[in-house]
Amino acid sequence: MSDKLLEVKNLKTYFHTENGTVKAVDDVSFTLHKGETVGIVGESGSGKSVTSLSIMRLIPMPPGEFAGGEVIWHKDDGTKENLLEIPIDRMRDYRGNDISMIFQEPMTSLNPVFTCGDQVVEALALHQGLGEAEARKKTIELFDQVKLPTPERIFEAYPHQISGGQKQRVMIAMAMSCEPKILIADEPTTALDVTVQKRILELMLNLQKEKGSTTIFITHDLGVIAEIADRVIVMYKGKIVEQGSVLDIFSNPKHPYTKGLLACRPPLHKRLYRLPTVKDFMEVKDGKIIEKISSVEEALKAVEVKPEDREARIKKMMQKEPILKVEGLKTYFPSRRNFFGKVLDYVKAVDDISFDVYPGETLGLVGESGCGKTTLGRTILRLVPAHAGKVIYKGKSILDLSKSDMKDMRRDMQIIFQDPYSSLNPRMTVGAAIIEPLQIHGILANDNERMDKARQLLETVSMQADHVNRYPHEFSGGQRQRICVARALALEPEFIILDESVSALDVSVQAQVLNLLNELQDNFNFTYIFISHDLSVVKFMSDRMVVMNRGKIEEMGDADDICYHPKREYTQRLISAIPEGRLEDIRERFERKMNG
């Protein structure tokens with residue numbers, strides 16, 4: 001591809017804070033050509049999102065500053081323009097018309113007080129000068145193009161009235177409304193179901209082919225990049241450490257950081273007792289990166305589980321009495337009432353579910369959003385009232401316990417929620433959050449002893465004891481999730497439900513948290529129910545697996561058997577949607593592209 005569209009030359013974007021200058025983007029250079037898809041990958045804090053925001057001139061100033069470099073736009077007439085130097089009014093002409101962006105979180109990107117349709121109409125009126133009737137017609141056409149069901153209904157709907165995948169499609173329609181030459185997609189599929197993610201990726205690729213646009217796709221997941229990108233840029237601490245074609249990067253990664261990112265995603269066709277992490281491949285000494293393992297294959301081989309070891313573990317586990325029995329459990333929510341308030345219809349979130357969980361086991365619950373897996377987990381702990389059925393824990397019927405007995409039971413049964421941001425009170429220090437359950441249950445003599453316990457717990461989850469005095473906002477997402485794990489361990493439970501507890505984390509941080517959970521299970525003989533929409537993560541964690549769909553169990557059995565030999569079409573669809581990043585698939589995609 002010889003047609004240059006955008007050149008980023010020696011870009012430096014710094015932020016000046018009370019603690020000094022943060023070099024978020026530090027001397028970054030790359031070129032975009034017409035019609036290609038460039039993936040930018042790296043962990044949170046690597047500078048990938050700040051790079052895209054710098055191109056759009058959306059960096060807040062202060063505290064931000066363009067400390068150097070250029071962003072050169074190549075016009076159709078052969079002239080060039082530095083986007084960092086033009087007046088902001090001229091930059092607004094570029095935004096939307098020539099360069100558009102899909103942000104990571106559609107719920108915060110869409111205005112909650114305007115309908116979805118009105119927000120796209122506004123963009124068309126502003127950038128294309130269309131009248132109201134014409135803009136409405138084009139918006140409905142766009143909604144149809146992005147495969148939204150009943151576009152007229154979505155036009156009149158507010159963001160909170162549609163699903164996460166539908167909100168992301170509205171964002172794509174808005175971004176594509178003015179047919180931009182460059183589309184920047186910043187983590188557009190993070191925390192979406194794998195099936196919804198696959199549909200969004202296919203949609204973006206089809207739109208790109210139709211419009212001939214160039215795409216910058218930003219993500220931490222190299223599996224996703226393997227599905228769509230032509231070239232890959234790998235960023236680490238504000239710098240580009242490696243770039244090349246997606247085939248070269250996946251077949252022969254040079255930098256240890258790239259190797260770490262490739263190795264840390266749970267493989268679907270191997271059973272590992274521990275996920276390799278970036279730290280296994282490299283360490284930083286005196287500002288220099290030192291490689292520790294030279295090969296991804298070598299790292300995976302070292303942690304592969306022998307089939308006979310796994311068989312022995314399952315056999316030993318199944319010989320015990322179940323620690324939990326769920327029998328005919330039903331959880332219904334009223335969906336329609338008459339004038340007098342009588343319920344006419346229900347949403348059957350959990351519909352006649354039965355299974356057992358054995359001591360020391362990890363039982364995986366997997367399915368798309370809305371399948372009932374989170375409601376099932378909360379019903380087991382009586383956080384949601386059951387409609388019918390039984391939940392027997394250690395011989396006691398959970399659903400029949402009094403409030404005081406249930407309080408005692410909660411010492412033994414804990415839950416770790418999906419979002420560590422909302423799970424922790426921003427006004428409480430980490431130490432106060434961890435000792436709160438100890439205070440409620442009257443454990444230990446005084447708060448000094450409880451705070452010592454909190455320090456021990458933080459060290460147990462690989463954090464520092466002096467973190468007890470800090471507040472949640474001072475930590476990264478992965479650190480916050482570790483704090484939530486420490487708080488769940490405070491009461492020394494035997495049974496823990498993990499509800500999508502790693503779905504919003506970088507794959508590298510996710511690997512660290514999953515390894516931590518397995519280590520804790522080995523050390524303390526915990527029993528887990530692990531809930532996720534990501535079947536590869538569930539397979540890595542689980543001994544047995546339950547696949548849920550529309551409140552019912554589709555399939556249940558050994559986790560490996562379900563992944564290797566799925567019996568139901570729904571399970572097969574979940575597995576086929578997982579972006580695995582296999583070399584043969586990348587080569588096949590490249591050959592198709594070369595042949596037109």
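How many bridges join β13 to strand β16? Five bridges join these two strands, β16 covering residues 388-393, and they run antiparallel. Helices (H or I, at least four residues) and strands (E, at least two) are DSSP runs, numbered from the N terminus, and two strands pair if DSSP finds at least two bridges between them.

The model is predicted: local features need pLDDT of at least 70, side-chain atom pairs count only at pLDDT 80 or more, and totals for chains, interfaces and linings use all residues. Residues are numbered from 1 along each chain as its sequence is written, and side-chain values use heavy atoms, with hydrogens and water left out.

The protein contains 25 helices and 22 strands. Its radius of gyration is 25 Å, close to the 25 Å that the globule rule gives for 596 residues, so the protein is as compact as a globular protein of that length. The radius is taken over C-alpha atoms, and the globule rule is 2.2 Å times the number of residues to the power 0.38. The C-alpha trace spans about 80 × 70 × 50 Å along its principal axes. Of the 596 residues, 55% count as buried, where buried means under 20% relative accessible area, exposed over 50%, and partly exposed in between (1.4 Å probe, protein chains only). The protein exposes about 27500 Å², and carbon and sulfur atoms supply 48% of this area; accessible areas come from the Shrake-Rupley method with a 1.4 Å probe, and for residues only the protein chains shown count as cover. Among contacts (heavy atoms within 4.5 Å) with a separation of 6 or more, residues 24 or more positions apart account for 69%.

From the N terminus, the path leads to an open sheet of four strands in the order β2-β1-β4-β5, with antiparallel pairing. Its edge strands are β2 (20-33) and β5 (80-82), each of which pairs on one side only. From one strand to the next the twist averages 10°. Strand β1 (residues 4-17) is joined to β2 by 11 bridges, and the two run antiparallel; Phe15 has Val22 in β2 as its bridge partner.

Helix α1 lies across β1, β2 and β4 (64-74), running at about 115° to β1. Axes are lines fitted to C-alpha atoms, for helices over the stretch in contact, and angles run from 0 to 180 degrees between N-to-C directions. This helix covers residues 48-55 and is mostly covered, with six of its eight residues buried: Lys48, Val50, Thr51, Ser52, Ser54 and Ile55. Arg57, which follows α1, has a positive phi, near 60°.

Further along the chain, strand β6 (residues 99-102) is covered on both faces. Ile99 and Met101 are buried on one side, and Ser100 and Ile102 on the other. β6 pairs with strand β7 (residues 182-186) in the parallel sense over four bridges, and Met101 has Ile184 in β7 as its bridge partner.

The opening question concerned another open sheet, in which four strands follow the order β14-β13-β16-β17 with antiparallel pairing. β14 and β17 (396-397) stand at the edges with a single partner strand each, so one side of each is left without a neighbour in the sheet. Strand β13 (residues 324-337) and strand β14 (residues 343-357) are joined by 11 bridges and run antiparallel. They form a hairpin with five residues between them, and Gly341 in the turn has a positive phi of about 90°. Arg336 is bridged to Asp345 in β14, while Val326 has Val391 in β16 as its partner. Helix α15 (residues 373-380) lies across β13, β14 and β16, running at about 115° to β13.

In helix α18 (residues 430-440), the buried residues include Val430, Ala433, Ile434, Ile435 and Leu438. Gly442, just after α18, takes a positive phi of about 65°.

The cysteines complete the tour. A disulfide is a covalent bond between the sulfur atoms of two cysteines. With the criterion of a pair of cysteine sulfur atoms within 2.5 Å, a search of the whole structure finds zero disulfides. Cys563 is buried, with a relative accessible area of 4%, and its sulfur is 15 Å from the closest cysteine sulfur, in Cys371, too far for a bond. Cys484 also counts as buried, at 5% relative accessibility.
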